[in-house]
Amino acid sequence: MKPKGQLFILSAPSGTGKTTILKKVMQEIGKLAFSVSHTTRQPRKGEKDGVDYHFVTVEEFKSMRDEGMFLEWAEVHGNYYGTSRMAVLEQLKKRIDIILDIDVQGASIIAEDDSQDSVSIFVAPPSLQELERRLRGRGTDSEETITVRLGTARKEMGSAAKYDYLVVNDNLDEAVETLKAVLIAERSRGHRLPSGEPIDLEAGR
Ligand code: ADP
Ligand code: 5GP
């Protein structure tokens, strides 16, 4: 089998701190790409098209979906989200690991896809009360949106046991270190260095 990158899936109830953790981990771990999803949701303040998401209309999304351009897609909180198949496969082919920030529905689609080897990580908040505090503290969502997201969070927490790894985001630095440890351990399983380079045994390493 040709060597290729590893596909990582990261899920968490909205407001847990997954984006915050991931931004720090991406700065510290090389050869790791982030899969920029397509979404029909409106950009939040500070979000950039093509960086945080590819923001598209419902019509554009549906036409991409119908053409089979998504590796997985789901409706979350009334908006569509999808992962570009081509963008993911291109990185893996280049032997670059790629991390997907997707919801539990999308994660289960990929876990059931036998053609795609993946490692899944669930990030949990220390409690639902703390999750509510973080959602309010973020200041990006309306009261109505927060209520919807808390309802979804309760359901999503029930899926945590299906993931390969569980990281609790209580202390941010500890959560970052734990996620980095998971990524490095998985690279080692694939006979690679923490940097992502393959280990060349013949070179005496
Ligand atoms: P997500 O991407 O999971 O929806 P964010 O990364 O946007 O969540 O984080 C939600 C809010 O919680 C942000 O205001 C962020 O600064 C804060 N936050 C993240 N991690 C922690 C933590 N360990 N302790 C306290 N606040 C946190
Ligand atoms: P947010 O709107 O807060 O950025 O994301 C809401 C939820 O959608 C999060 O759980 C996030 O992981 C998920 N999500 C983002 N992109 C995708 C995607 O491409 N596919 C799926 N299934 N979920 C996604």
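1. A polar contact is a pair of N or O atoms within 3.5 Å. With that cut-off in mind, the side chain of Y53 qualifies, since one of its N or O atoms is 2.6 Å from an oxygen atom of ligand 2. The reader should keep in mind from the outset that the model discussed here is a predicted one.

2. It may help to begin with the overall form of the protein chain, which contains seven helices and nine strands. Along its principal axes, the C-alpha trace of the protein chain spans about 60 × 40 × 30 Å. A compact globule of 205 residues would have a radius of gyration near 17 Å, and the protein chain has 17 Å, so the value agrees with that expectation.

3. Turning to ligand 2, there are 18 residues that surround this molecule, and the closest are S37, R41, Y53, Y81 and D101. Sorted by class, the shell around ligand 2 has six nonpolar, five polar and seven charged residues.

4. Besides the contact from Y53, an N or O atom in the side chain of S37 is 2.7 Å from an oxygen atom of ligand 2. The backbone is also involved, in that an N or O atom of the G82 backbone lies 3.2 Å from an oxygen atom of ligand 2. Taken alone, ligand 2 exposes 520 Å², and the protein buries 95% of that area.

5. As for its location, the space taken by ligand 2 is the largest pocket. The elements that give two or more residues to the shell around ligand 2 are two strands, β5 (70-76) and β6 (79-84).

6. Ligand 1 is surrounded by 13 residues, of which the closest are G15, K18, T19, T20 and R138. The classes in the shell around ligand 1 are two nonpolar, seven polar and four charged residues.

7. Three pairs of atoms describe how the protein meets ligand 1, beginning with the side chain of T20, where an N or O atom is 2.6 Å from an oxygen atom of the ligand. A backbone N or O atom of T16 lies 3.3 Å from an oxygen atom of ligand 1, while a backbone N or O atom of D170 lies 2.9 Å from a nitrogen atom of ligand 1. Taken alone, ligand 1 exposes 570 Å², of which the protein buries 74%.

8. Where does ligand 1 sit? Ligand 1, too, is found in the largest pocket. The elements that give two or more residues to the shell around ligand 1 are the helices α1 (18-28) and α5 (128-138). Of the elements that contribute, α1 gives the most to the shell around ligand 1, with three residues.

Notes:
Residues are numbered from 1 along each chain as its sequence is written. Chains are lettered from A and ligands numbered from 1 in the order in which they are written. This is a predicted model: local features need pLDDT of at least 70, side-chain atom pairs count only at pLDDT 80 or more; totals for chains, interfaces and linings use all residues. Side-chain values use heavy atoms; hydrogens and water are left out. A residue is near a molecule or strand if one of its heavy atoms lies within 4 Å of it. A polar contact is a pair of N or O atoms within 3.5 Å; within protein, one must be able to donate a hydrogen and the other to accept it, and residues adjacent in sequence count only if both atoms are side-chain atoms. Accessible areas come from the Shrake-Rupley method with a 1.4 Å probe; for residues, only the protein chains shown count as cover. On a 1 Å grid over the protein atoms alone, a cavity is a set of points where a 1.4 Å probe fits but cannot get out, and a pocket is an open set with protein on both sides within 12 Å along at least five of seven lines; lining residues have an atom within 4 Å of a point. A molecule sits in a cavity or pocket if more than half of its atoms lie within 2 Å of its grid points. Helices (H or I, at least four residues) and strands (E, at least two) are DSSP runs, numbered from the N terminus. Ala, Val, Leu, Ile, Met, Phe, Trp, Tyr, Cys and Pro count as nonpolar, Asp, Glu, Lys and Arg as charged, and the others, Gly among them, as polar. The radius of gyration is taken over C-alpha atoms; the globule rule is 2.2 Å times the number of residues to the power 0.38.
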